[in-house]
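Trainee: I am new to this model and would like a close look at a single part of it, the paired strands. Could you take me through that part carefully, and then show me what else can be read from the structure around it?

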Amino acid sequence: MRYNKLMAAMIATGLCAGTAHAFDMDLGETVERDEEKWAELTEISSEVEVGLGYVDEMDGNAYRFGHFTGLDDSGAYLILDADLRHRDPHDSDRARHWSLRARNLGLRSRQLETEYGEQGRYRIFFDYTEIPTRKADDTLTPFRETGGNLRLPEEGSQATIEEHLRPVEIGLDRQQAELGGEVHLSSSWSLRSSFSQTTREGTGTIGLGSHWAVGESIIAPLPVDETTKRYDIAAAWRGEDSHLAFGYRTVQFNNEYDVLRWDNAHDVDWAGEGEEKARAPDNEHHEVYASGNHRLGEQTHLSASASVGRSLQDARFVGVAAMSRDSLDAAVDTSSLGLQITGRPTAKLRLTSGYQMDRRDNDTGQVVRDNTLVIDPSYNYTRHRFDLGGNYRLASATRLNLDYRYTDTERDPAHSESSEENSVRARLRTGIGPRLSGGLSLGQENRRGSTYTRETGPDELRNYAWADRDRTRGGVFAQYFPTEILSLSLTSDLLRDRYDESDLGLTEADRHITSLDSYLAISALSSLHGFVSYEESDSTQAGETWVGDRREQVLAVGVGGKTQRMNEQLELGGDFSWVESLAELDVDSDGRLPDVTTRVKRIDLYAGYQVNRELGLRLRYRFEDYDSDDWSTTGNIVTAGGNIITLGQDDTEYQAQSIGLSLAYRF
Amino acid sequence: MNATRQRSLCSAFLVALLLLLISAGGVLARDMESCTRCHDETWESPVLNILQTPHAVMADERTPFAPNACEGCHGDGGEHMKAPADDEERTPPPVTFGEEHTSVAKQNETCLGCHDSGARMHWRGSMHNFEELACVSCHTVHVPRDPILDERKQTEVCTSCHARQKSEALRPSAHPVQDGAMSCSDCHNPHGTLNESLLRRSNVNETCYDCHAEKRGPVLWEHAPVTEECTTCHQPHGSIHQPMLKVRGPQLCQQCHLGTHSSAAFGGDSLDTPFMAGKNCLNCHVQVHGSNHPQGQRLTR
């Protein structure tokens, strides 16, 4: 009898497996599979989205609405997104896959990612990205750009500048294309390579001042046309207890404009000779690098990384000075080395120790100008860093982290010959029951540098970046789960810097930031989230006859949520963020500067309705309210004193919205 | 046991095995089916999406799914498949991800069994490793596309812990991280590096030069803090001062430069001086990143 039951069970198992059935845990019985749902979960699908969007400048000049988004032109735009994917069935004898992902094809923020390959054998890819930066289009300038130079109408003069102004947009477009691939030569070896080209074109801004003694300067549009090419090839080896990767990369930067020739708009007669500035010169960088690790024991690992590079620059000098060389013919050697050993001597204790060296060695040599001035362009430094860290489990839910770091930096030539830093940090994390965890962190750092010496300037001044500094860090953090669906996280960090040896320059700085995050999982299909963050930083800076107190506050608030309704046919989501900042500066001898404020409110809403498995409707809405007040960049073309010709920019203040309706087809 | 019964038993076993092989396409697929009998399309935490991912590619013998199906990652499910007694809970599989049944170390070792090379080479001893983060703290495996590998969604994952960076990224002068044109992993390798702040490159400047190659130089007149570390002046995660400056000029410059005209107290409401309006110090010292002009020693040309 026993064997008959066993036989029946075996046959039943086979039959069940032979048909599309599943075992329902709740019912305790075998039920028929929902083939449509099964297919939806297991089969790869693609989607194409086509629609129309519209940008509406509600108030003010909303050119900046297009910053990084491409939404800078009022009116309609095309929505064209795609997510096309293919992968051989999971149980196929081939593992080919390809994908094409496109976003924002109708905007200047378009992105394209394509890939083709066979998993475990090879992969090739091509990516393309555009990033627009949009600063202002209400700017006015008397300059005419010709071949990267800034010229003025010969018939003009400072007195008639208003008659020669023309509008100019301040914004850049970055376009990057990358082609690459990877091939697995064997189970141990793989090879990858990529080539990319980035262009940056458009208009930035530049200060054109050459006569500081008379206090004149011009803020002008700067033509930008730059190309950067990168090539990278690397091999990787994977062994039983070791891994190794090594490669070579080169970066070549080309500036279409090696010199900026400009006319001085302060001149009484604009027909005079122009002046010039050097632009960022063409350069190239070559580097070989390697990285590896090795398992020394069951719980002990040794890691290492190293790189050796050489940066070259050989652009011809501009200007009229007689130089001992036609170009700088600069060469800078860079090198880095990192070592780390990590172990777990006991189940409760983990230790790590590391060393990093970073070196820059300018090998250019001296250049002589006008047979008299010897210029040594070299700036070299070597930094050594030692780390020792430990993590000890005091109890099942309590961990203590301790870290010590020593950094030594030597510089040549010496504004500050060397500096040493010691830092100790401790972090205790503990859990109080299943719903509450948290801890605190403390840190103390001190930096000691040799005296900062300058050709000009008071001896008492200490360079901010290298001055003696005592830094204290403190922080608390907590995570609380009042219920299974709600989480609250609080972090608060304090940074306190004291430059006790600095009578001039930065003497003290404090910074604290507190953030509260929350997440409410209403159901598997609905959630709400929110955060609030407040940061305040204060510092005191001393001049020879004055003391300035700086105070900045930033408040950031965000709330959002998403839900799926109507049997997951309808998806709704939204986010609201609000950032407000205030910067104050009070100088005891001269009084308080006007405050600089910025307020940005943004709303993003999303609705998606899936008509059926193939067809869906998407509705997206964005609203932005931007209001900044910066006295230094706004105002008259020629300031009251007549010494600065600005771009006449208004405060950035606008309200704009965009809405897009699209049809998504899934197949 | 008599011979007839033995023959019947063998026959039944062979029939069942044959049916399994025919229906499921092989022994390996049967193993998956034994899991998906329960963890099917109606399961509240959908697992079947794994079949759309690189983890479940049978033709790639490197994947755990190829020889062992679900058990490749979750371990031997024999005990888990046994029906529990009425008053007991079902025994979980040996490895469950994101849950307390399995230690973080054991979860991660499962992942590292395959993913311990390349960018994850230095995981052991890394900051996130020491914080005892599980791989699934950031990664989602049973979905067609892991959100953290999507530039537009990665920030959301990272800033769920890194609150300060979340706030800074929203500020008026920031990299396009919030807009999905950049991601945290463009600069950082969260799996660990031997560099400062988990940077992908050997130091801060090499990281910045990846996109800002024009700042590399070398040039005739270098500006020491620029050459040494961009973050001396810039706050890369976002600032209220353009362009991502830690402090506005001229006060930023005066932290290192006093003497001659730079000693002046720049305050009050007489803002028409060239040292205050426009680009303040950069109205003249425009080549603050270094100048290659023979007469550019003051970084003006």
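Mentor: Let us begin with the pairing itself, where strand β34 of chain A and strand β36 (residues 653-666) of chain A run antiparallel and are joined by 13 bridges. Within this pairing, A:Glu624 stands opposite A:Ala656 of β36(A). This is a predicted model, and what follows should be read with that in mind. Strand β34 (residues 615-629) is also joined to β33 (residues 596-610) of chain A, again in an antiparallel arrangement, by 14 bridges. The connection between β33(A) and β34(A) is a hairpin of four residues, and one of the bridge partners across this pair is A:Asp629 in β34(A), which is matched with A:Thr597.

From the strands we can turn to the nonpolar cores. The largest of these has 20 residues, and those with the most contacts inside it include A:Trp546, A:Val587, A:Trp631 and B:Leu258. Two elements give two or more residues to this core, namely β30 (547-565) and β31 (570-587) of chain A, and β31(A) gives the most, with four residues. A:Trp546 shows how both chains take part, for beyond its sequence neighbours up to four places away it touches A:Val587 and A:Asp588 as well as B:Gln254, B:Leu258 and B:Ala265, among others. Apart from this core lies another, of 16 residues, among them A:Phe143, A:Leu260, A:Trp270 and B:Val286.

A helix of chain B offers a further example of burial. In α6 (residues 104-112) of chain B, the residues B:Gln107, B:Asn108 and B:Leu112 are buried. Seen down the axis of α6(B), these buried residues fall within an arc of 130 degrees, so they line one face of the helix. Their cover includes β12 (216-238) of chain A together with α8 (135-138) of chain B.

Finally, consider the cysteines, since a search of the whole structure finds zero disulfides over all chains. B:Cys114 is in no disulfide, and the nearest cysteine sulfur, that of B:Cys73, is 7.1 Å away. B:Cys114 counts as partly exposed because its relative accessibility is 35%. B:Cys284, by contrast, is buried, with a relative accessible area of 9%. The closest cysteine sulfur to that of B:Cys284 belongs to B:Cys281 and is 9.1 Å away, which is too far for a bond.

How values were computed
Residues numbered from 1 in each chain as written. Chains lettered and ligands numbered in written order. Predicted model: local features only at pLDDT ≥ 70, side-chain atom pairs only at ≥ 80, totals over all residues. Heavy atoms only, no water. Buried < 20%, exposed > 50% of the residue type's maximum accessible area, 1.4 Å probe, protein only. Arc of directions from axis to C-beta. Contact = heavy atoms within 4.5 Å. Core = buried A, V, L, I, M, F, W, Y, C linked by side-chain atoms within 4.5 Å. Pairing = 2+ DSSP bridges. Disulfide = S-S within 2.5 Å.
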